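User: Please go through the cysteines, a helix and the salt bridges of this model, with the reasoning behind each answer.

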Amino acid sequence: MTQSTNKQTVTPEEAQQLIEQLVRFALNNGMIDPLDEPFSRNALLDLFGFREPYEGEAAGDLPESPVPLLEGLLDYGFAIGLIPDNTLTYRDLLDAKIMGMLMARPAETASAFYRVADTQGIDKATERFYKLNIDSNYIRMDRISKNQYWRQPTEYGELEITVNLSKPEKDPKEIALLKTLPPSRYPKCLLCVDNVGYAGRADHPARQNLRVIPLKLQGEQWFFQYSPYVYYNEHSIVFKGEHVPMQISGTTFARLLDFVDAFPHYFIGSNADLPIVGGSILNHDHFQAGKHVFPMEVAPAFALYKDEQEPGLTFSLVSWPLSVIRVQGADKERVLAAGERILAAWRGYSDPEAEIAAATEQPDGSSVPHNTITPIARKKPDGLYELDLVLRNNRTSEEHPDGIFHPHSHLHHIKKENIGLIEVMGLAVLPGRLKSEMEQIAAYLTGERAYQPAELEDTAHPLHQHAAWINAMTAKYGTKVAAEEAEQLIKSEVGKKFAEVLADAGVFKQTDSGREAFARFVGSLGYVLK
């Protein structure tokens with residue numbers, strides 16, 4: 001991880017050598033062309049205050065990642081005053097500046113992408129662009145590799161569980177600094193195209209090593225990039241050129257289907273557009289895409305429907321904890337029209353028996369909408385378009401003030417945040433705190449740590465929020481479990497909790513009454529069992 005180190009001071013000669021190795025790394029990995037080599041070297045020499053390059057032979061084999069080379073240069077940069085503090089935030093700012101000098105300009109990167117797409121195929125173009133993002137350290141694989149990952153068997157298939165350790169926490173000194181900074185309006189958010197090449201600041205990441213690919217969706221300007229903290233293979237972000245809020249509409253579905261025409265090897269989906277059921281960034285319209293098969297995609301149907309007016313379409317109700325209507329068909333426009341119809345119907349649908357209300361009337365006469373959809377699009381190898389429409393509702397109640405169809409309070413010790421697109425599809429992104437908490441709980445199960453229920457009732461205890469869970473596990477498994485088995489048991493219990501989290505978010509439960517309620521909605525559309 002790029003962070004402050006305890007190494008001995010890097011000498012000027014060592015820094016020059018590291019610059020030479022970094023230039024060779026960029027050249028060998030295709031980040032720059034041979035003609036760019038002197039230009040890039042001179043830019044780095046100027047940054048670090050050198051008038052000439054390293055004279056000798058650059059020693060040693062090149063690493064697979066630029067991180068080992070960057071570490072020494074970041075140490076040297078701090079020593080000569082290029083950054084004011086040797087904190088992770090400032091080192092990251094310098095890191096991006098260095099790597100930005102070892103890349104083609106944005107327009108040439110985009111041109112190269114489309115040249116490869118035209119001559120070798122879009123899958124080869126994304127493969128190369130993904131590698132560029134890793135080699136430039138925009139995608140921080142050294143940090144991502146620290147994430148915990150496992151698969152959890154459930155009645156819905158194997159869920160994917162990750163504990164997110166890739167975004168390091170800021171230290172108190174940095175937090176104190178952030179409180180003193182004046183507000184900034186530029187860039188407007190982390191997704192705006194204005195981030196490309198931005199030098200960053202203590203409260204906004206540097207983006208000199210960010211490259212984006214322009215594309216048209218429904219005739220509008222959009223951009224394609226990779227996420228710096230990928231949660232799955234080729235985790236990408238597709239964002240609108242204009243800074244406008246998230247909005248789910250028929251146009252949203254049309255954009256998704258346009259994208260899978262251009263990138264048929266990728267899925268693409270959108271977070272919902274309402275608080276509680278939406279994603280973490282609702283102020284800039286964007287999608288997430290990538291080359292990954294999520295558990296939801298392979299979940300079977302429990303019922304098949306047809307529209308007698310559209311014989312070329314199939315409507316599947318997916319056996320999944322959330323409520324999913326899967327529309328399939330060879331005709332793109334008919335799939336789109338079906339999606340628009342379902343969205344319009346769901347926006348206005350209420351079913352008191354299932355606790356679903358389309359809107360809530362306010363004292364001033366206004367109406368607050370509650371129903372929306374999380375959509376996912378794919379283009380299957382046989383050419384069929386597939387549009388998954390996940391029904392969402394963000395209504396709250398006295399019993400569930402955080403959301404009726406949101407993780408309920410007894411699950412907040414594992415997951416309290418919004419259930420966004422990635423989790424809807426079966427990949428849990430759980431908070432990094434769980435790693436140490438799981439290790440401490442394992443110590444109770446093995447007997448390494450004395451299990452004292454009374455101490456867990458103290459609200460100041462670091463495991464207090466897990467007290468009921470720990471009590472249940474020690475009653476079930478005892479306190480003499482082998483260490484390896486304890487670790488696996490806890491992972492399994494976390495995975496089961498995530499399945500409960502998803503079930504809470506489902507508007508029509510996977511019960512007899514829930515499926516009957518789901519059938520009522522589908523029936524209201526005029527669809528009949530196939």
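The questions and answers below concern a predicted model.

User: How many disulfides does the structure hold?

Analyst: A disulfide requires two cysteine sulfur atoms within 2.5 Å. The sulfur of C189 has its closest cysteine sulfur in C192, at 3.8 Å, which is too far for a bond. C192 is likewise in no disulfide. The number of disulfides in the structure is 0.

User: Are C189 and C192 buried or exposed?

Analyst: Buried means under 20% relative accessible area. C189 has a relative accessibility of 9% and counts as buried. For C192 the relative accessible area is 7%, so the class is buried.

User: What distance separates the end C-alpha atoms of helix α1?

Analyst: Helix α1 covers residues 12-28, which is 17 residues. At 1.5 Å a residue, the helix should span 24 Å. The end C-alpha atoms agree with that, being apart by 24 Å.

User: What covers the buried residues of α1?

Analyst: The buried residues of α1 include A15, L18, I19, L22, V23 and F25. Charged or polar residues such as Q16 and E20 are also on the buried list. The cover includes α2 (37-47), α3 (67-79), α4 (88-100) and α6 (122-135).

User: Which residue forms a salt bridge with E37?

Analyst: Side chains of opposite charge can pair when their charged atoms come close. The partner lies 4 residues from E37 in helix α2, about one helical turn away. E37 is partly exposed at 21% relative accessible area, while the partner is buried at 14%. The closest N and O atoms are 2.8 Å apart, and the partner is R41.

User: What is the relative accessibility of E160, which forms a salt bridge with R151?

Analyst: The closest N and O atoms of R151 and E160 are 3.5 Å apart, and a salt bridge needs them within 4 Å. R151 is partly exposed, with a relative accessible area of 40%. E160 counts as buried, and its relative accessibility is 1%.

User: How many residues apart are D261 and K332?

Analyst: The two side chains meet in a salt bridge at 2.8 Å, N to O. The pair links distant parts of the chain, with D261 in helix α9 (residues 250-262) and K332 in helix α10 (residues 332-347), and the two are apart by 71 residues.

User: Which residues do salt bridges that share partners join into one network?

Analyst: By the 4 Å rule, the count comes to 38 salt bridges. Those that share partners join into one network E297, R326, R378, K380, E386 and D388.

Definitions and conventions
Residues numbered from 1 in each chain as written. Predicted model: local features only at pLDDT ≥ 70, side-chain atom pairs only at ≥ 80, totals over all residues. Heavy atoms only, no water. Buried < 20%, exposed > 50% of the residue type's maximum accessible area, 1.4 Å probe, protein only. Expected span 1.5 Å × (residues − 1). Contact = heavy atoms within 4.5 Å.
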